[in-house]
Amino acid sequence: MLYINGEWRKSNCGDTLEVMNPATGQLIKSVASGGREETREAIECAKEAFKTWKKATGEQRGSYLAEAVKKMKEKADDIAETITLEMGKPLLDAKREVAGAISYLDWYAEEAKRIYGETIAASHPDKHLMVLREPVGVTAAITPWNFPSSMITRKIAPAIAAGCTVVLKPAPSTPLSAIKVFECFHEAELPKGVVNLVIGPAEEIGDEMTENPDVRKLTFTGSTNVGKLLMRKSANTVKKVSMELGGHAPLIVFADADLEAAVQGVLLTKFRNAGQTCISTNRIYVAESIANEFGKKLAQEVEKLTVGNGIEEGIDVGPLINSLALEKVESHVEDAIRKNGKVLCGGRRVEITKGHFYEPTVINNAHDDMKISTEETFGPVAPIFTFKDEAEIIQRANHESYGLAAYCFTNDLGRGHRMVKELEYGIIGINDASPIVPQAPFGGIKESGIGKEGGKSGLLEYLEEKFVSINMGN
Ligand code: NAP
């Protein structure tokens with residue numbers, strides 16, 4: 001169903017979209033699919049709603065978000081199950097995702113009260129200079145399938161806390177989770193038109209969102225190529241944009257590191273969500289002197305991971321989202337093997353029902369000329385590269401175009417600080433493989449994105465500064 005102006009409805013021409021289960025290849029459900037016309041209607045409603053929503057106090061906006069938190073907690077298990085069914089991650093991970101999604105609503109429910117302006121020292125005694133922060137306006141949001149609930153709340157929570165209204169397009173493979181999240185907003189009785197959901201063909205919806213001058217802000221999470229396209233399309237109406245794009249995270253293990261912790265770090269950053277995460281480790285750089293030991297320990301742990309339908313108990317790695325994703329992973333592994341990569345474990349498809357499963361894989365002897373060293377694999381494949389010294393690894397770890405997340409394991413405090421200074425990434429975890437929290441800014445540099453989500457910075461993305469100069473003299 002589409003959700004426009006506080007009502008659940010079908011599309012104007014009755015089109016539908018089939019949602020498939022990637023673990024079984026079976027149809028889960030058909031949902032209404034709208035296009036340009038419905039997007040335009042949703043934008044008009046969001047524009048109308050903005051007139052009053054922007055005047056609500058921070059406390060009022062925060063209280064709606066707090067109500068949405070309650071509703072989402074009540075439905076948490078149901079939403080998690082829906083996530084597992086439509087995108088495949090194991091149920092426990094889906095529950096973790098929903099908890100994360102709620103944490104953004106919760107944090108911005110409080111932060112809605114904390115929007116501040118500034119006064120500036122004037123150059124004339126009769127002048128009073130102020131900076132006001134006001135909501136940008138109607139916001140168009142586009143989200144991917146890999147975190148189908150938290151990617152939504154990470155955008156909507158700060159947007160409505162700031163006083164913006166939103167039209168959201170989720171990924172077509174995961175509209176059911178989006179519908180469940182919007183049910184929470186509906187039950188929290190958010191005023192009509194404040195949040196709207198349009199499901200349907202990307203280009204049609206995207207064109208309306210980018211070309212419509214009433215949309216003043218575009219926030220996108222997805223691949224770098226689509227992000228660039230949307231930036232180009234938004235240029236004609238000079239929209240404010242936030243882009244959360246692709247990544248290619250290095251994970252560096254120095255010889256002085258706690259190896260057990262580093263192995264656990266790889267398990268978390270590489271195999272959770274079957275490696276389909278923008279901050280997934282893509283390159284594991286291990287100091288030459290400990291590389292064999294590390295590879296052995298990692299492969300031993302990876303072999304214990306259970307692959308299967310995430311809805312069943314005890315599953316660690318679910319299916320990939322579709323057959324194209326599976327083919328990409330396969331091609332990266334084949335390329336690595338052709339270029340003398342050694343498979344320590346995994347390396348093949350897993351035939352379970354009609355799902356898109358791939359074995360958790362560790363590849364030793366990885367090289368910088370392999371596809372896996374520059375392209376996002378988006379799958380459960382861990383390539384181990386070796387390095388000699390700090391200077392070399394700083395130069396190799398910095399990707400030429402991506403700059404989202406990087407991880408480093410070392411027990412040398414000074415080295416940890418030097419790595420923080422030298423690594424060109426928006427998020428850095430030192431001996432920490434799970435650095436993401438709602439109160440901190442999440443986002444990349446270089447071609448991994450523009451702008452931040454989370455924390456105070458996340459709220460500023462939805463606010464515009466207005467400078468006021470008052471001449472108090474007669
Ligand atoms: P994608 O192909 O770029 O799609 C993302 C969203 O954009 C989907 O809803 C998609 O709909 C839509 N889209 C595609 N073309 C569009 C167009 N011309 N106009 C408007 N919307 C359009 O990315 P994905 O494969 O779903 O997600 C994986 C990528 O997202 C990876 O690169 C990953 O690193 C990145 N990601 C980044 C972050 C971050 O925070 N930095 C977080 C999660 C994921 P359709 O599916 O219908 O095309």
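**View 1. Polar contacts of the ligand in this predicted model.** Start at the side chain of Arg-154: one of its N or O atoms is 3.3 Å from an oxygen atom of the ligand. Two backbone partners join the scene. At Gly-222, a polar backbone atom is 3.3 Å from an oxygen atom of the ligand, while at Ala-202 a backbone N or O atom lies 3.4 Å from a ligand nitrogen. The protein buries 85% of the 900 Å² that the ligand exposes when taken alone.

**View 2. The pocket and the residues that surround the ligand.** Here the ligand takes up the space of the largest pocket. Around the ligand are 29 residues, with Thr-143, Ser-223, Leu-245, Cys-278 and Glu-376 the closest. Sorted by class, this shell holds 17 nonpolar residues, eight polar ones and four charged ones.

**View 3. Helices and a strand behind the shell.** Zoom out a little to see which elements contribute: α5 (150–162), α7 (202–211), β10 (215–221) and α8 (224–234) each give the shell at least two residues. The largest share belongs to α8, with three residues.

**View 4. Two domains around one ligand.** Domain 1 (2–245 + 447–470) and domain 2 (249–437) each provide at least three residues of the shell around the ligand.

Definitions and conventions: Residues numbered from 1 in each chain as written. Predicted model: local features only at pLDDT ≥ 70, side-chain atom pairs only at ≥ 80, totals over all residues. Heavy atoms only, no water. Near = heavy atom within 4 Å. Polar contact = N/O pair within 3.5 Å; in protein donor to acceptor, adjacent residues only side chain to side chain. Areas by Shrake-Rupley, 256 points an atom, 1.4 Å probe, with all protein chains shown as cover. 1 Å grid on protein atoms, 1.4 Å probe; cavity = no way out; pocket = protein on both sides within 12 Å on 5 of 7 lines; lining within 4 Å. Sits in = over half its atoms within 2 Å of the grid points. Helix = DSSP H or I, 4+ residues; strand = E, 2+ residues; numbered from the N terminus. Nonpolar A, V, L, I, M, F, W, Y, C, P; charged D, E, K, R; others polar. Domains from an automatic or database assignment.
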